[in-house]
Amino acid sequence: MSNVFEIVVIGLLAIGCFFTLLGGVAMVKLPDFFQRVHGPAKASTLGVGCILFASIVYHWVNGSGVHPRELLITVFLFLTAPISAHLMSRAALSLMDDRPPHPDRLPDAQQKVVDDEDPAPPERS
Amino acid sequence: MTIIDITIIVGMHVVGIAMLLSLWRLLRGPTAPDRILALDTLYISAIAQLIMFGMLLDTEVYFEAALIIAMLGFVGTVVLSKYVIRRDIVE
């Protein structure tokens with residue numbers, strides 16, 4: 001395997017793993033569902049796309065030929081990630097009782113973050 | 001063991017950490033959409049893990065598995081979200 005292709009494969013793998021990890025960190029660190037949904041929907045999809053491109057280059061150089069099947073997974077993921085993110089956001093919106101705060105308003109720094117220790121809100125009918 | 005193999009092994013560990021983080025959200029997540037989102041992230045990371053495992057073993061049998069996980073995972077996400085929206089799967 002020539003040197004240039006090694007650098008390309010390693011670079012694509014590093015970028016892909018970084019963005020996949022970024023999606024996981026966003027899942028844990030961000031406080032609100034509508035902020036959390038952006039991490040996996042964008043970062044993880046880009047990361048998996050980079051890893052799949054690295055796999056295409058790796059198998060191409062290692063002699064087993066170009067396989068467009070991996071490109072199929074990439075295209076499928078890039079098509080379905082926005083759809084599933086949209087559906088999950090609609091599911092979260094349907095569970096809310098009132099409208100979400102307008103994004104033009106600045107967030108309240110003193111506002112309390114609701115978590116599991118708080119008393120549960122009344123059950124929806 | 002070439003440098004690419006070492007990179008793949010390190011990358012598999014990194015993606016494994018990402019899977020653990022989304023598993024934490026899946027177990028803890030306050031609302032149902034959080035858990036759906038965690039499952040979605042988990043199967044996307046599983047695709048990455050399978051692809052890198054196939055690169056490490058230099059075989060191509062794992063592409064079909066990754067493709068099936070991608071399709072069934074998307075269907076699962078859509079069905080779970082539809083269930084949360086309408087409280088009913090059969091329409």
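1. Let's start with a term that will be handy in a moment: a residue is called exposed if 12 or fewer other C-beta atoms lie within 10 Å of its own. Please also keep in mind that this is a predicted model.

2. Now try the term on Thr59(B). This residue sits in the loop between α2 and α3 (62-86) of chain B. It has 12 C-beta neighbours inside 10 Å, and therefore Thr59(B) counts as exposed. You can also look for Thr2(B), which is 57 residues away from Thr59(B) along the chain; the C-alpha atoms of the two are separated by 17 Å.

3. Next, how do the two chains meet? On the chain B side, 42 residues are in contact with 46 residues of chain A. The elements of chain B that give two or more residues to this side are α1, α2 and α3. Of these, α2(B) gives the most, with 15 residues. Sorted by class, the side of chain B that touches chain A has 28 nonpolar, nine polar and five charged residues.

4. One helix pair across the two chains deserves your attention. Helix α1 (residues 3-29) of chain A and helix α2 (residues 32-57) of chain B have axes that come within 11 Å and cross at roughly 160°. Because angles over 145 degrees count as roughly antiparallel, α1(A) is roughly antiparallel to α2(B). The crossing of α1(A) with α2(B) is left-handed.

5. Which residues of α1(A) and α2(B) make the contact? From α1(A) come Gly16(A), Thr20(A), Gly23(A), Gly24(A) and Met27(A), while α2(B) brings Ala38(B), Thr41(B), Ser45(B) and Ala48(B). In this contact there are three nonpolar residues, six polar ones and no charged ones.

6. Finally, have a look at the largest nonpolar core, which holds 49 residues. The members that touch the most other members are Ile51(A), Met88(A), Ile47(B) and Ile51(B). At least two residues each come from α1, α3 (38-61) and α4 (68-95) of chain A, and likewise from α1 (3-28), α2 and α3 of chain B. Here, too, α2(B) is worth finding: it gives the most to this core, with ten residues.

7. To see the core from one residue, select Ile51(A). Leaving aside residues up to four places away in sequence, Ile51(A) touches Leu13(A) and Gly16(A) in chain A, together with Ala48(B), Ile51(B) and Met52(B) in chain B. Two of these names may ring a bell: Gly16(A) and Ala48(B) also belong to the contact of α1(A) with α2(B).

Conventions
Residues numbered from 1 in each chain as written. Chains lettered and ligands numbered in written order. Predicted model: local features only at pLDDT ≥ 70, side-chain atom pairs only at ≥ 80, totals over all residues. Axes fitted to C-alpha atoms, helices over the stretch in contact; angles between N-to-C directions. Helix = DSSP H or I, 4+ residues; strand = E, 2+ residues; numbered from the N terminus. Parallel < 35°, antiparallel > 145°, perpendicular 65-115°, else oblique. Left-handed = near helix turned anticlockwise from the far one by under 90°. Contact = placed C-beta atoms within 7 Å. Nonpolar A, V, L, I, M, F, W, Y, C, P; charged D, E, K, R; others polar. Buried ≥ 20, exposed ≤ 12 C-beta atoms within 10 Å, placed from the backbone. Core = buried A, V, L, I, M, F, W, Y, C linked by C-beta atoms within 7 Å.
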